[in-house]
Amino acid sequence: MNFKAAILKKYCLTLLVICGAALSAFAQGFRFTTNVNANSIALDEMVQIQFMLENPENLSAFDPPKFTGFDVVQGPSQMQGTSYINGKMTSYVAFSYILKPRQVGSFTIPGATARVDGRQVKSSPVNIEVTRGGAGSVQPPQQPQQAFPPSQGRLRLNADPAILRSGEDIKEKLRKNLFVKVDVDKTTVYEGQQLTATYKLYTRLPTNSSVTKVPAFKGFSARDIELPNPPQAYEETMNGVVYKVFIIRKTLLFPLQSGQLELDAAEVDNQVHLVKMQKGKRRNPFSDDPFFRDAFGGSPFDDSFFDDAFASPEYEVVPYKIQSPVVKVTVKPLPAEGRPASFNGAVGHFSMTATADKKELSTDDALTLKVTISGQGNVNLLNAPPLNVPAAFEKYDPTVTDNIEKNSNPLSGSRQFQYVLMPQEKGDHELPSVEFSYFDPQANAYKTLTSAAFPLHVIAGKQVKREKEDFGGKTELADIRTSVSQWNKRSPFFFGKPLFWVLLLLPLLAVGGMAWYRRRENFRNSNMAMLRHKHANKVALKRLELAARYLREGKDKAFYEETSKGIWGYLSHKLKIPMAELNKQIVQEKLAAQQLKADTMQKLFDLTDRCEMALYAPSSSVEHRQDAYQEAVQIITDIEDQLKHKAGK
């Protein structure tokens with residue numbers, strides 16, 4: 001009986017240890033620990049060291065210590081995940097290294113440092129004893145090591161979704177615990193009205209993820225919100241389940257055309273780290289003791305709770321590709337009723353100021369008129385308000401300056417248009433008031449802003465314009481001779497001299513020059529297509545001048561942005577379409593009406609799609625950028641060539 005009492009006492013102590021481990025799993029405070037798989041190793045063996053952060057908030061930096069006396073064979077291997085016990089969640093991030101000792105001795109590895117929630121923290125140091133000899137070299141593990149908070153031990157395995165048990169469907173587990181979702185704040189908008197699309201990665205599994213495809217947002221003007229790097233996770237509960245959420249993209253979208261538009265899917269590649277529990281169960285030494293059997297012949301240690309406690313885990317990395325669902329957005333056209341003549345595509349809520357830097361000036365001076373439009377809406381797409389300038393002034397194209405608030409949502413800021421006017425006549429003049437109209441989606445109405453007029457007094461400058469001179473009264477005739485002039489025969493002073501022969505050859509040279517000129521004109525007239533092509537090529541090179549500079553400087557994003565801007569700017573100018581109304585459908589209709597070749601149109605839109613995609617995809621090679629530039633030059637040249645050829649018929 002004493003023997004059984006001793007066994008019972010021993011097993012009760014075991015239960016207390018297990019319960020203590022279970023209670024420690026509820027601790028939700030932050031911990032930063034250092035763990036090694038062995039504190040004493042041989043010189044020809046290796047050791048694994050792991051730095052574990054439990055419940056880190058806003059982890060922004062991690063610095064490993066100096067591994068004095070060791071060589072790093074593998075690492076760092078980063079793992080992260082979450083654990084759930086009775087509905088409570090603990091998140092963790094672990095950094096692991098495989099070390100090989102250089103010499104025999106006792107070594108202390110300092111703790112690692114990290115920055116968590118803006119403050120610097122440090123883990124505890126560990127001691128490792130290196131001795132001579134050993135049973136042979138221990139190779140670093142080939143499987144990625146799953147990181148588990150040591151405070152939770154084996155009990156954590158029963159609740160963690162990263163555990164793959166026998167008979168469990170791996171595809172269903174991945175589908176439920178790892179997916180991408182798109183949140184949009186509006187699904188019905190007007191043309192030019194902002195909507196915000198947020199792409200989120202939801203996970204309950206430890207995974208290394210990378211975005212492999214980003215949406216192109218066809219039919220929209222897109223402006224991305226800058227996200228923290230590395231991405232910061234937060235918790236979100238969905239259908240009673242807590243997920244770790246990473247925002248992978250957040251974009252402000254402004255539809256450029258009406259109709260049913262789609263937000264393309266984003267694709268994410270994942271390397272999911274799962275733990276497989278072996279089917280076998282180690283024999284419990286107390287299972288055969290009749291003392292631990294109940295009245296029905298059962299034992300409390302037969303419960304499946306103890307299966308994992310005696311099982312050994314296997315680690316597996318599972319590749320898993322996911323994509324977000326396609327979201328449809330209904331875009332309504334702006335109402336035609338009540339549209340002011342000064343409206344040019346602004347949508348949102350705006351204010352306007354207009355100022356002139358002078359009230360009195362001379363004809364030698366320049367007048368600067370600044371028109372600033374501020375507010376919320378498609379600020380980055382605003383066009384210059386129409387400016388009616390009197391004939392007594394010469395107007396130059398305005399310069400545009402943007403002041404957009406960083407990461408504002410809704411998009412806020414201002415756009416300034418600066419006009420330079422040159423007076424041509426003295427006198428009292430008046431610049432008419434500036435009028436700006438926009439559509440307010442909340443009020444569902446057009447609104448017009450009007451500035452005051454600008455009275456100006458212009459005096460004559462030093463460089464006065466010269467009036468056209470009249471020579472009508474200054475014509476004079478030479479006197480009429482009344483007598484016969486006397487002619488005298490003199491010796492030839494000109495015949496046979498060099499000047500004589502030069503003048504003699506001039507008619508022949510003139511005839512030859514005229515023949516060459518006529519032949520050249522005939523050649524040019526018969527090759528007008530070549531001349532039009534040469535002019536078209538100049539137009540293309542001029543439009544893409546800035547893109548060529550970015551190509552030489554290796555600025556990937558700036559190159560594609562300027563190439564796209566150059567193409568759409570050329571189409572806007574060539575087809576006389578305002579930028580606010582410019583979209584793929586209208587351009588296609590206009591080019592088709594002018595009988596542009598179908599393959600040229602297809603190449604045009606393929607290139608614009610590539611440029612827009614390249615703004616968000618990973619950096620392309622130099623060869624890809626050069627190909628895109630040459631293709632852009634060729635497309636603009638072909639369009640210019642075909643349109644001029646049609647106009648010349």
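Which residue in S10 is the bridge partner of Ile109? In this predicted model, the bridge partner of Ile109 in S10 is Val126, and the first view below begins with that strand.

**View 1. Strand S10 and the strands that pair with it.** Strand S10 covers residues 126–131, and along it the side chains alternate between two faces. Val126, Ile128 and Val130 point to one face and are buried, while Asn127, Glu129 and Thr131 point to the other face and are not buried. This agrees with a general pattern, in which the side chains of a regular strand alternate between the two faces of the sheet. Strand S7, residues 105–109, pairs with S10 in the antiparallel sense over five bridges, and the pair Ile109 and Val126 is one of the partnerships between them. Strand S2, residues 40–42, instead pairs with S10 in the parallel sense, over three bridges, and here Ser40 stands opposite Glu129.

**View 2. Strand S8 with its partners S4 and S9.** Strand S8, residues 113–116, runs antiparallel to strand S4, residues 59–63, and four bridges join the two. Strand S8 is also joined by four bridges to strand S9, residues 119–122, again in an antiparallel arrangement. Val116 can be followed in both pairings, since Val116 is the bridge partner of Leu59 from S4 and has Arg119 as its bridge partner in S9. S8 and S9 form a hairpin with two residues between them, and in this turn Asp117 has a positive phi of about 55°.

**View 3. Ser324 in a loop between two strands.** Ser324 is found in the loop that lies between strand S21, residues 313–323, and strand S22, residues 327–332. Is Ser324 buried or exposed? Its relative accessibility is 3%, and because residues under 20% count as buried, Ser324 is counted as buried. The side chain of Ser324 reaches the backbone nitrogen of Ala266 at 2.9 Å. Leaving aside neighbours within four places in sequence, the residues in contact with Ser324 are Val180, Val182, Tyr199, Asp264, Ala265 and Ala266.

**View 4. The packing of helices H7 and H8.** Two packed helices are described by the angle between their axes and by the distance between those axes. Helix H7, residues 584–593, and helix H8, residues 598–614, pack at an angle of about 160°, with their axes 11 Å apart, and H7 is therefore roughly antiparallel to H8. The crossing of H7 and H8 is right-handed. On the H7 side the contact is made by Lys584, Val587, Gln588, Leu591 and Ala592, and on the H8 side by Met601, Leu604, Phe605 and Asp609.

Methods:
Residues numbered from 1 in each chain as written. Predicted model: local features only at pLDDT ≥ 70, side-chain atom pairs only at ≥ 80, totals over all residues. Heavy atoms only, no water. Buried < 20%, exposed > 50% of the residue type's maximum accessible area, 1.4 Å probe, protein only. Polar contact = N/O pair within 3.5 Å; in protein donor to acceptor, adjacent residues only side chain to side chain. Contact = heavy atoms within 4.5 Å. Pairing = 2+ DSSP bridges. Axes fitted to C-alpha atoms, helices over the stretch in contact; angles between N-to-C directions. Parallel < 35°, antiparallel > 145°, perpendicular 65-115°, else oblique. Left-handed = near helix turned anticlockwise from the far one by under 90°.
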